[in-house]
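Please open the model in your viewer and keep the sequence panel beside it, since each stop on this tour begins with a selection.

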Amino acid sequence: MLVTNIIGNCPKCGTEASFGNVFVKGHILTRGCLRCDYSEHFYLPQTEKTVLYLDQFFLSHAFREKVPEFVECIRLISNLADDQLMVCPISSVHETETHQWRHAQKDELWEFIKRTSRGHEFKPAYEIKRRQIIQGFKMYLVQAQSEFPVTHSDALPHDINEWEDYFWIDVGHYPSNVELTRRLKEDSISELVDAFPKWLQSAKSFQDHRAFELRTAGDIYISLYRRMIQRIAVGDCSAIFDSPIDSKIVEAMLHCFENERDLKEQLETVRSYFQSPYFSQVPCEYISTGLITVLRDRVKRGSFKNPEKAKKQLRGFFFDVDFIAAYAPYCDAMFLDTTMLSFVRDKRLAIEKRYGTKFYAKSNWGEFMDFLKSINARKTEELTRAIELVYPNKLGNAKT
Ligand SMILES: [Zn+2]
């Protein structure tokens, strides 16, 4: 047996320094001997881990170790993870954003982010989005009266609340095209900022703009799908593989129809869903269109006046919208940059209230530290004893 932590002599064969912890699976710790087949099992207490999303701003500061607060904070987070009280899963947006970073230490940063996640990963953002839009469509088809269900397992692996083993498996790669993504994001920001003068003149209300953003989102899904099937119709089979990932959303929705209906009729139903309250309640759409509407509102009120400065300030905007929209409902807390914090806290969106997610940034650092300390306070005596069993040689658990 591979013994990870030697704790002493074997109770059966008596071999010196041969007995210790072998592995942790689910809620069971197995101890064994290097020499014989003796083993012991311990049942560990149930854990309920806090899910914290750390954005790229936080992670790159913690990685560079130049600001003491971040170094201290990441140590606190790491201790909470050791104590099975917290997880900071990695996401597809982390990977894409890290690979956009033009920096010599890019690979080291990526390794650091992976270590921080300790093998926990969110499902890719596009998958969550597709799943939610289809869920909303199914609710629309039966005119369901219930609220949109937010289930943790839609975004996170089922074993997130199990005890961590001594070794974790390196997370896989999310598919992405680094150069294409970089170009698209840069183009999108330029296009966005170029639209600001027009936004300034608009007399529409916040709600009107919100409705407009939602309509646009639905139109984009339909036009992406149309483009893909038009390419296939003229014999371009590569369209199935190289079309933007969101082209498949409408296609997946069409599979929801039980009866044979012609495509035109089906697409009409899809379109009316996109214009219905069912679509506006889909979490990723609610959040993403909401955040863009807040940006519109800020522009209208005189923010981001200098286009060049705005492009710099908003460089990470679409990444932020992507990960907040996809993951906020499944997180207990998120650390964002200060601009985004003011966006998500906009009272008209009430994201914190709606999904129970707490948001932090550099500007409310004290609240963030209080939040982390409150999690630490959940460490019961039972948990402390179990941690001493699982990590007997950890600094602080060592017995003399
Ligand atoms: Zn033995």
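## From one bridge outward

Select Leu29 and Phe42 to begin: Phe42, in strand E4, is the bridge partner of Leu29. Please keep in mind throughout that this is a predicted model. Now extend the selection to the two strands concerned, and you will find that E3 and E4, the latter covering residues 39-43, run antiparallel and are joined by five bridges. The connection between E3 and E4 is a hairpin of five residues.

Keep Leu29 selected and add Val24, because the tour now crosses to the neighbouring pairing, in which Leu29 of E3 is the bridge partner of Val24. Widening the view again, E2 and E3 pair in the antiparallel sense, here over six bridges.

## The turn at Gly26

Where does Gly26 lie? Select it, and you will see that Gly26 belongs to the loop between strand E2 (19-25) and strand E3 (28-33). The hairpin formed by E2 and E3 has two residues between the strands, and Gly26, in its turn, has a positive phi of about 60 degrees. Is Gly26 buried or exposed? Gly26 counts as exposed because it has 12 C-beta neighbours inside 10 Å, and the class of exposed residues takes in those with 12 or fewer. For a sense of distance, add Ile292 to the selection: Gly26 and Ile292 are separated by 266 residues in sequence and, from C-alpha to C-alpha, by 41 Å in space.

## The whole sheet

Next, select Gly8 together with Phe19, which stands opposite Gly8 in E2. E1 and E2 pair in the antiparallel sense over three bridges. With this pairing added, the picture can be completed: four strands form an open sheet with antiparallel pairing, in the order E1-E2-E3-E4. Its edge strands are strand E1 (5-8) and E4, each of which pairs on one side only. If you look across the sheet, neighbouring strands are turned against each other by 30 degrees on average, direction ignored.

## Two positive phi values outside glycine

Most residues other than glycine have a negative phi. With that in mind, select Gln84, whose phi is positive, near 60 degrees, although the residue is other than glycine. Gln84 is placed in the loop between helix H2 (68-82) and strand E6 (86-87). Gln84 is buried, because 23 other C-beta atoms lie within 10 Å, where 20 or more are required.

Move on to Ala350, which is not a glycine either and has a positive phi of about 50 degrees. Ala350 lies in the loop between helix H16 (338-344) and helix H17 (351-355). Unlike the buried Gln84, Ala350 is exposed, with 12 other C-beta atoms within 10 Å.

## The two domains

For the last stop, colour the chain by its domain assignment, which gives domain 1 as 5-45 + 381-390 and domain 2 as 49-130 + 140-202 + 281-288 + 298-379. The C-alpha centres of domain 1 and domain 2 are 38 Å apart. How many residues of domain 1 are in contact with domain 2? The contact involves 10 residues of domain 1 and seven residues of domain 2. On the side of domain 1 that touches domain 2, E2 and helix H19 (381-390) each supply at least two residues, and H19 gives the most, with four residues. Colouring this side of domain 1 by class shows six nonpolar, three polar and one charged residues.

Technical notes
Residues are numbered from 1 along each chain as its sequence is written. This is a predicted model: local features need pLDDT of at least 70, side-chain atom pairs count only at pLDDT 80 or more; totals for chains, interfaces and linings use all residues. Two strands pair if DSSP finds at least two bridges between them. Axes are lines fitted to C-alpha atoms, for helices over the stretch in contact, and angles run from 0 to 180 degrees between N-to-C directions. Domain bounds come from an automatic or database domain assignment. Two residues are in contact if their C-beta atoms, placed from the backbone, lie within 7 Å. Ala, Val, Leu, Ile, Met, Phe, Trp, Tyr, Cys and Pro count as nonpolar, Asp, Glu, Lys and Arg as charged, and the others, Gly among them, as polar.
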